[in-house]
Amino acid sequence: LSAAHLVGSILWGGGLAAIALASWLDAARPAEAELAARRVRRLCRGYRLTCPPGLYLTVLTGVWMLHLDQPLLRAGFLRIKLAFVALLLIVDAVVAWDLGRRVRGEPALRRGWLLAAHQVAVLALGMAAILGVTRPGSPA
C-alpha cells in the first residue's frame, strides 16, 4: 500500500513538475500555429497520462492507509504533509487551467507563473515525501 502511494505521488507530483517546466520552456519560444498546437497537444497528453492517475492513486491509498492506522490522524507531521498536498492540488489546478487555455488558442500564463508552478510542485512533493518517510512526532 505504501509503495502504491509512493508511485502515485511520483506520477502526480513529478508529472506536474515536468509539465509545468515543459510549459515554461514552450512559452519561451514562438512558433507557427501548427507546431504550437502540436506541442500543446503533446503537453495535454502528458498531463492526462501522469497527473490524474497519480492524483487518484495517491489520494485513495493515502485515505486507505489513514483508515488502517487511525492514531496517525493525531500526528502533527500529517497536518504539514497535507498542507503540501494542498499546494500540489493548487498547482494541478493552475497547470490544468493553463493547458485548457492553450488548447482553446488563448495565450499561456506568463513564464514566471509556469516556473513558479514547477518549483512549488518540486518543493511540495519533496517535503511531503520527507515528512512521509521520517514521520516526525508520530505516535508510537
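Here are three short exercises with worked solutions on the structure above.

This is a predicted model, in which local features need pLDDT of at least 70, side-chain atom pairs count only at pLDDT 80 or more, and totals for chains, interfaces and linings use all residues. Residues are numbered from 1 along each chain as its sequence is written, and side-chain values use heavy atoms, with hydrogens and water left out.

**Exercise 1. Cysteines**

Find how many disulfides the structure holds, and explain why Cys 51 is in none.

*Solution.*
Step 1: Recall that a disulfide is a pair of cysteine sulfur atoms within 2.5 Å.
Step 2: Search the whole structure; the count is zero. Cys 44 is in no disulfide, and its nearest cysteine sulfur belongs to Cys 51, 11 Å away.
Step 3: Seen from Cys 51, the closest cysteine sulfur is in Cys 44 at 11 Å, so the two are too far apart for a bond.
Step 4: Check the surroundings, using buried for under 20% relative accessible area, exposed for over 50% and partly exposed for in between (1.4 Å probe, protein chains only). Cys 44 is buried because its relative accessibility is 9%. Cys 51 is buried too, at 0%.

**Exercise 2. Salt bridges**

Work out which residues the salt-bridge network joins.

*Solution.*
Step 1: Look for a side-chain nitrogen of Lys or Arg within 4 Å of a carboxyl oxygen of Asp or Glu, which defines a salt bridge. The structure holds three.
Step 2: Start with Arg 101, whose side chain meets that of Glu 106 at 3.4 Å, N to O. Glu 106 also bridges to Arg 104, with the closest N and O atoms 3.3 Å apart.
Step 3: Through shared partners, Arg 101, Arg 104 and Glu 106 form one network.
Step 4: Compare their accessibility. Arg 101 is buried at 17%, Glu 106 is partly exposed at 33%, and Arg 104 is exposed at 55%.

**Exercise 3. A bridge within a helix**

Describe where the salt bridge between Asp 98 and Arg 102 lies.

*Solution.*
Step 1: Get the distance: the closest N and O atoms are 3.7 Å apart.
Step 2: Place the residues, remembering that helices (H or I, at least four residues) and strands (E, at least two) are DSSP runs numbered from the N terminus. Asp 98 and Arg 102 are both in helix 3 (residues 76–103), four residues apart, or about one turn of the helix.
Step 3: Add the accessibility: Asp 98 and Arg 102 are both buried.
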